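Subject: Structure handover

Hello,

Here is the structure I promised to pass on. Please open it next to this note and follow along. My findings come below it.

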Amino acid sequence: MFEVFYHIQVWFAFAAAALIFVMGLAKRKPNVVSLGALAVSELGLLIQLVISIVLVASGQRAKQDTVEFFAYLIVVLMVPAAAVFWALIERTRWSTFVLSVGAFTVGVMLVRMFQLWFTL
């Protein structure tokens with residue numbers, strides 16, 4: 001896990017969650033901004049996956065459990081995709097809240113992945 005990239009991802013995920021939540025409070029349906037924010041999160045997670053694979057292939061390991069780290073990474077890759085799928089199927093203001101929860105979940109899971117990789 002590349003630490004600087006991690007910090008960028010976490011701040012983006014929580015900022016996106018807050019922005020999308022406010023859009024939901026304003027009774028806005030999913031739009032390019034809300035769906036795009038999760039698409040950017042997904043792209044960041046894919047980049048994190050590639051970086052993590054390269055680091056493990058070069059001999060680095062998570063301080064706690066590398067297998068658990070990759071399990072979290074694989075699962076968190078599904079969260080934005082599932083939230084966007086939901087929002088595209090059901091285009092209501094409640095879908096905007098689902099997108100917000102998806103972005104928040106990405107941030108929380110990234111924090112847990114950071115703990116697995118860097119702390120004992």
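Start with Leu35. Its relative accessibility is 16%, so Leu35 counts as buried, the cut-off being under 20%. Keep in mind that this is a predicted model.

Leu35 sits in helix α2. What does Leu35 touch, leaving aside its neighbours within four places in sequence? The contacts are Pro30, Val84, Ala87, Leu88, Arg91 and Leu99. Also look at Leu35 together with Ala83. In sequence, 48 residues separate Leu35 and Ala83. In space, their C-alpha atoms are 9.0 Å apart.

Now the whole protein. It has 4 helices and 0 strands. Read from the N terminus on, the elements go α-α-α-α. The radius of gyration is 15 Å, and the globule rule gives 14 Å for 120 residues. The two values are close, so the protein is as compact as a globular protein of that length. Along the principal axes, the C-alpha atoms fill a box of roughly 50 × 20 × 20 Å.

Some totals for the protein:

- Of the 120 residues, 43% are buried.
- Take the contacts with a separation of 6 or more: 84% of them join residues 24 or more positions apart.
- The accessible surface is about 6,500 Å², and carbon and sulfur atoms hold 76% of that surface.
- There are 8 positive and 5 negative charges, and the mean positions of the two sets lie 13 Å apart.

Next, two glutamines that touch one another. Gln9 belongs to helix α1, while Gln48 belongs to helix α2. Is Gln48 buried or exposed? Gln48 has a relative accessibility of 0%, so it counts as buried. Gln9 is at 8% and counts as buried too. Beyond its neighbours within four places in sequence, Gln48 contacts Met1, Phe2, Phe5, Tyr6, Gln9 and Leu73. On the same terms, Gln9 contacts Gly44, Leu45, Gln48 and Leu110.

A third glutamine is placed elsewhere. Gln64 is in the loop between α2 (32–57) and α3 (66–89). Its relative accessible area is 35%, so Gln64 is partly exposed. Which residues does Gln64 touch, not counting those up to four places away in sequence? They are Arg112, Gln115, Leu116, Thr119 and Leu120. With Thr119 there is a further detail: the side chain of Gln64 reaches the backbone oxygen of Thr119 at 3.3 Å. For Gln64 and Gly44, the C-alpha atoms are 23 Å apart in space, with the two positions 20 residues apart in sequence.

Last, Lys27. It is found in the loop between α1 (3–25) and α2. With a relative accessible area of 60%, Lys27 is exposed, because exposed means over 50%. Check its backbone as well. Most residues other than glycine have a negative phi. Lys27 is not a glycine, yet its phi is positive, at about 60°.

If you have little time, look at three places. See Leu35 in helix α2, the contact of Gln9 with Gln48, and Gln64 with its reach to the backbone oxygen of Thr119.

Best wishes

Definitions and conventions
Residues numbered from 1 in each chain as written. Predicted model: local features only at pLDDT ≥ 70, side-chain atom pairs only at ≥ 80, totals over all residues. Heavy atoms only, no water. Helix = DSSP H or I, 4+ residues; strand = E, 2+ residues; numbered from the N terminus. Buried < 20%, exposed > 50% of the residue type's maximum accessible area, 1.4 Å probe, protein only. Contact = heavy atoms within 4.5 Å. Polar contact = N/O pair within 3.5 Å; in protein donor to acceptor, adjacent residues only side chain to side chain. Rg over C-alpha atoms; globule rule 2.2 N^0.38 Å. Areas by Shrake-Rupley, 256 points an atom, 1.4 Å probe, with all protein chains shown as cover. Lys, Arg positive; Asp, Glu negative; His and termini not counted. Charge placed at Lys NZ, Arg CZ, Asp CG, Glu CD.
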